[in-house]
Amino acid sequence: MRAEFLDRIKRINRISEGGGGAGNEDGQENHSRGGLSVLSGPSSDLEKAERLGAGFSFVARLAAWRAMAQSPRDVALIPTLEDFRPDSLRGTPGFFRVGQARDGQWWLVDPLGQAFFSKGVAGVNRSGRVDGRLPMPGPYSAAVAAKYGDDAHGFMRAAIGRLRAWNFNTLGSWAEEALADQGMYYTEVLGLGECGPVIHSAGARVPDVFDPAWREAVERQAAELCAPHRGSRELIGYYTDHALNWAQPRAEMAGENAGGRMGAAFSGEGREAERPSLLQICLSLEPSQRAYHAAWEFVLATRRGDLAVLAKDWAVELPNKETLRQLTHREVALVSAGYLRDQRLFAREFARRYFATGAAAIRAHDPDHLILGCRFQQAPGAVVLAECVYPNVDVVSARAADAFWEKTAQGCHAARAMPVLLVEAGWNGEAFTRAPAVRDARGVTTVERMLKKGRAALEKLCAQRGVVGYEWAAWADGEADAPPFGRGLVHVDDREAREHTELLSDLNGRAERLRVKRRSG
């Protein structure tokens, strides 16, 4: 049964350019991906170079990896530093940068000055965690312990081998710390939004940016977490946070560029009821929180402190502040034009403080690496995106929502022409598996439907001019995942999830060609 299933997966994933299999469990063989020779076994240039030990320079390791990852045809088409608009380049020479080619397409730029498209995986650690890297008991960690015991290097070698075999080139968020010097690029999450006073109410999940205690905590967090990576040539950059929720009004999210597609993709086509937004939430906090006082000062300052004037402007009965708090607790959202005007102004100042504070702390302790944004969990809205810009942010990061990855990226990019890195990508959700209203006469299976939609989503994403990479949602399945619809590239018993890796190997191997095809076409 399993062999028949895997054969069917291979047939589904076989693309016209001749993609092959995903390799064995440890990736120890020579793979051909649509004309790309991916030498991932011990005979590869990279493995030979690594055996030279400390004498193997970073530059040599980069050159070996590049030789493995790109065919001569790709190298000829992928932009070099001379192809970029000089005024668009952000970052420090000799480290990762980001810039826009003269044809308008954005790329990361590796330390050797060549365009780079990041293909990463989150949670490559012995517990398979995607919210941290500290050990956590569970079926995957038990399987890793049984397979590798105390041999940390055994797990690292196998993980790196698999990633290379599947044509990934980046260790995403929460990778095992020891993997950082194994010859593969990586990213880090700093968690600045949770290292001090937090606003976690009515759907909002953001730091209290008005509290000096938060700014002091951010400084300490950046000093502790950035210092170990300062000078690393393999670090791409830092995400300031993960899964912040900015609690923006639905009208603000749905009013994004690309016909409102970004907001609709994040919010499930607008089926959910309107919830209180950021300004209303801050006005309803406890008086002990600095954001409470900042919000009331903001709305009353231009109204001479008169609550009756505010109530008239917002078209709401507001005899006292407690009335507003009760509305918020009942999740009754303020939606009048007067309120939304104040909400936009307040949210922009809130976002400005968040991004400016984070950038100042990071640059103070590591001025050379990119700042990759805060991994937006919900549609942030144009107001928040207006402050998620250079020089406080180099790349916007946002969650892959529903099956509209390219629309999410288009919305983020169109707001302020910022480069975009899509995170939490995966095709195991309902948007990819749901059957159409009209049944397909050919009897397409759920797995076939999932992979067909997944292929289309990733191919369209790679071709977007504003996109500089993506991060797959998880290295390992969660306990509740049921293969073949799990989220990970390995199952909880550490077996390869070939229902995903076969297709990803091919698409990753063709990602740069998808981009240069668009560029040359």
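Which residues in H11 meet Leu 307, Leu 310 and Trp 314 in H12?

## Two crossing helices

In this predicted model, the residues of H11 that meet those three in H12 are Trp 296, Val 299 and Leu 300. Helix H11 covers residues 290-301 and helix H12 covers residues 307-314; their axes come within 9 Å and cross at roughly 80°. An angle from 65 to 115 degrees counts as roughly perpendicular, so H11 is roughly perpendicular to H12.

## The protein as a whole

The protein has 521 residues, and 58% of them are buried. Its secondary structure consists of 19 helices and 15 strands. Among contacts between residues at least 6 apart in sequence, 68% join residues at least 24 apart.

## Nonpolar cores

In soluble globular proteins, nonpolar side chains tend to be buried together. Here the largest nonpolar core holds 121 residues, and the members that touch the most others in this core are Trp 246, Trp 427 and Trp 475. Helix H14 (residues 337-365) gives the largest share of this core, with 11 residues. Apart from it lies another core of 19 residues, including Trp 106, Leu 108, Tyr 185 and Leu 421.

Leaving aside residues up to four places away in sequence, Trp 246 touches Val 206, Leu 278, Phe 350, Ala 351, Tyr 354, Phe 355, Cys 374, Phe 376 and Val 384. Trp 246 also belongs to an aromatic cluster, together with Phe 210, Trp 214, Phe 298, Phe 346, Phe 350, Tyr 354, Phe 355 and Phe 376.

## Aromatic pairs

Rings of Phe, Tyr and Trp pair if their centres lie within 6.5 Å, and by this rule there are 19 aromatic pairs. One pair is formed by Trp 427 and Trp 472: the ring centres are 4.9 Å apart and the planes stand at 75°, so the pair is edge-to-face. Planes over 60 degrees apart count as edge-to-face.

This pair links distant parts of the chain, since its two residues are 45 residues apart. Trp 427 lies in the loop between strand E14 (420-425) and helix H17 (430-433), while Trp 472 is in strand E15 (residues 467-472). Are these two residues buried or exposed? Both Trp 427 and Trp 472 are buried.

## Charges over rings

Two arginines have their charged ends placed over aromatic rings. The charged end of Arg 233 sits over the ring of Phe 95, at 4.4 Å from the ring centre. For Arg 375, the ring is that of Tyr 239, and the charged end is 4.7 Å from its centre.

Technical notes
Residues numbered from 1 in each chain as written. Predicted model: local features only at pLDDT ≥ 70, side-chain atom pairs only at ≥ 80, totals over all residues. Heavy atoms only, no water. Core = buried A, V, L, I, M, F, W, Y, C linked by side-chain atoms within 4.5 Å. Buried < 20%, exposed > 50% of the residue type's maximum accessible area, 1.4 Å probe, protein only. Helix = DSSP H or I, 4+ residues; strand = E, 2+ residues; numbered from the N terminus. Contact = heavy atoms within 4.5 Å. Phe/Tyr/Trp six-rings, centres within 6.5 Å; stacked < 30°, edge-to-face > 60°. Lys NZ or Arg CZ within 6 Å of the ring centre and 35° of its normal. Axes fitted to C-alpha atoms, helices over the stretch in contact; angles between N-to-C directions. Parallel < 35°, antiparallel > 145°, perpendicular 65-115°, else oblique.
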